[in-house]
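Here is an informal walk through a structure, one topic at a time. Have the sequence and the 3D view open as you read.

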Amino acid sequence: MRPKPVGATFALQRLLVLLRSNLTAMLLVLPAANYQPSDYLPILIQFGLALAFVAFAMIVSHLVGPKRNSTVKDASFECGIESVGNARTPISVKYFLTAIVFVLFDVEVIFMYPWAVNFRALGNDGFIAMILFMFFLLAGFAYIIKKGILRWNEA
Amino acid sequence: MSPLFLFLSFVALLSALGVVLAKNPVHSVLFLILTFFTLSGHYLLLNAQFLAAVNIIVYAGAIMVLFLFVIMFLNLNEETEPHKPALAKFAAAIAGGSLLLILVAAMRNVNPVGYDPTSFDSQIGMVDRLGLVLFQQYALPFELASILLLAAMVGSVMLGKRETGERNF
């Protein structure tokens, strides 16, 4: 007579089998999806809920919160120091350089999405193509580091 | 025409008008973000999910940051706002009007071809299909794109980096 598996080990075995089959399903078997625009309805609902929550929070805080109006309370910064000038002053070009570098690397990442989805199907050729692509961009990144664009403390 | 398409088109046109007509440049940028979101909705209706996501990530996320930076760079105080002479306004109206005329004349004879429902592939805009075409058929343009990005990087560093000894503010 076979010994009956102890509860915990049995559950662990079941879990392992389940995990393995799920992993194989995730890694090897791509679902033959047939997406239609109506499949985005959940995202639309989430958008709507997010907007509704923002509107709800703003309206409720407006209705529930106390209101005291005075020149001191209405000042932009209530820290005891009179505000001087206005906020529309020219800013350092450093911020802009950082933003441009951000956009460039953002575009780089965009190219990696279709590559990652097709990683297996593309095989070695796709891998080498992406290595070459990354080489050029990382050369640019090395140039940026060397030039000290991302260093803030020096003038 | 589905009501969703009509709604998206309505919002897109209205917010695009808002970009042009808003007095405050920051409001223009916010209207432009709304326009991008409605265009992404149009992409989703066309079943082009990758374009829709990229439009949100790159345009509404990153390019808009650059737009805001440029607006912050400009001196936007009311008193320094330049007033264009009437002649410049007149010339601008003529130039814009002729551009509109050319566009209308070019589009007038366009005959949109319908699609064949039997051979139409609704999944052509998906990420996986696009990736296969991009990395197999268009591998060279893909590599050239990296050189383009590299050139942009070097160019922006050349223009924007203050070298030591230069006068700075």
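## An exposed valine in chain A

Let's begin with A:Val72, which counts as exposed at 56% relative accessibility. Keep in mind that this is a predicted model. A:Val72 sits in helix H3 of chain A, a helix covering residues 71-74. If you look from A:Val72 over to A:Lys94, you move 22 residues along the chain, and the two C-alpha atoms are separated by 35 Å.

## Chain A at a glance

How many helices and strands does chain A have? The count is five helices and zero strands, so from the N terminus the order of elements reads α-α-α-α-α. Of the 155 residues in chain A, 18% are buried. The chain exposes about 12600 Å², and 70% of that comes from carbon and sulfur atoms.

## A nonpolar patch on the surface

Some of that chain's surface is worth a closer look. A:Phe53, A:Val54, A:Phe56, A:Met58, A:Ile59, A:Val60, A:Leu63 and A:Val64 make up a nonpolar patch there, and together they have about 860 Å² of accessible area.

Take A:Ile59 as one member of the patch. It belongs to helix H2 of chain A, residues 41-64. With a relative accessible area of 51%, A:Ile59 is classed as exposed, because the cut-off for that label is over 50%.

## The core shared by both chains

Now for the inside. The largest nonpolar core holds 28 residues, and the ones with the most contacts inside it are A:Met130, A:Phe133, A:Ile144, B:Phe135 and B:Phe142. Several elements give two or more residues to this core: from chain A, helix H4 (93-117) and helix H5 (119-147), and from chain B, helix H3 (49-73), helix H5 (127-137) and helix H6 (139-160). Which element gives the most? That is H4(A), with ten residues.

Helix H4 of chain A also carries A:Glu108. Is this glutamate buried or exposed? At 7% relative accessibility, A:Glu108 counts as buried, because the limit for that label is under 20%. Its C-alpha atom is 8.8 Å from that of A:Phe133, with the two positions 25 residues apart along the chain. A:Phe133 is the same residue listed above among those with the most contacts in the core.

## Chain B: annotated spans and domains

Turning to chain B, the unreviewed UniProt entry annotates residues 46-74, 86-107 and 138-159 as "transmembrane region". How helical are these spans in the model? Residues 46-74 are 86% helix and 0% strand, and the end C-alpha atoms lie 38 Å apart. Residues 138-159 come out at 95% helix and 0% strand, with 32 Å between the end C-alpha atoms.

The chain is also divided into domain 1 (1-77) and domain 2 (126-162). Taken over C-alpha atoms, the centres of these two domains of chain B are separated by 24 Å.

## Residues to look up in chain B

B:Asn47 is one for the backbone-minded: its phi is near 65°, a positive value in a residue other than glycine. You'll find B:Asn47 in the loop between helix H2 (25-45) and H3 of chain B. At 5% relative accessibility, B:Asn47 counts as buried.

Helix H2 of chain B holds B:Phe37. This phenylalanine is partly exposed, with a relative accessible area of 33%. B:Phe37 and B:Ala12 are 25 residues apart in sequence, and their C-alpha atoms are 8.5 Å apart in space.

In helix H6 of chain B there is B:Ser156. With a relative accessible area of 11%, B:Ser156 is buried. Measure across to B:Phe90 and you get 36 Å, C-alpha to C-alpha, for a pair 66 residues apart in sequence.

## One salt bridge

How many salt bridges turn up over all chains? A search of the whole structure finds one. B:Asp121 forms a salt bridge with B:Arg129, and the closest N and O atoms are 2.4 Å apart. Side chains of opposite charge can pair when their charged atoms come close.

Both partners have some access to the surface. B:Asp121 is partly exposed at 29% relative accessibility, and B:Arg129 is partly exposed with a relative accessible area of 33%.

Note on methods:
Residues numbered from 1 in each chain as written. Chains lettered and ligands numbered in written order. Predicted model: local features only at pLDDT ≥ 70, side-chain atom pairs only at ≥ 80, totals over all residues. Heavy atoms only, no water. UniProt positions renumbered as here; feature names shortened; annotations may be inferred. Helix = DSSP H or I, 4+ residues; strand = E, 2+ residues; numbered from the N terminus. Patch = residues over 30% accessible without salt bridge, like charges linked within 9 Å, V, L, I, M, F, W, Y side chains within 5 Å. Areas by Shrake-Rupley, 256 points an atom, 1.4 Å probe, with all protein chains shown as cover. Salt bridge = Lys/Arg side-chain N within 4 Å of Asp/Glu carboxyl O. Buried < 20%, exposed > 50% of the residue type's maximum accessible area, 1.4 Å probe, protein only. Domains from an automatic or database assignment. Core = buried A, V, L, I, M, F, W, Y, C linked by side-chain atoms within 4.5 Å.
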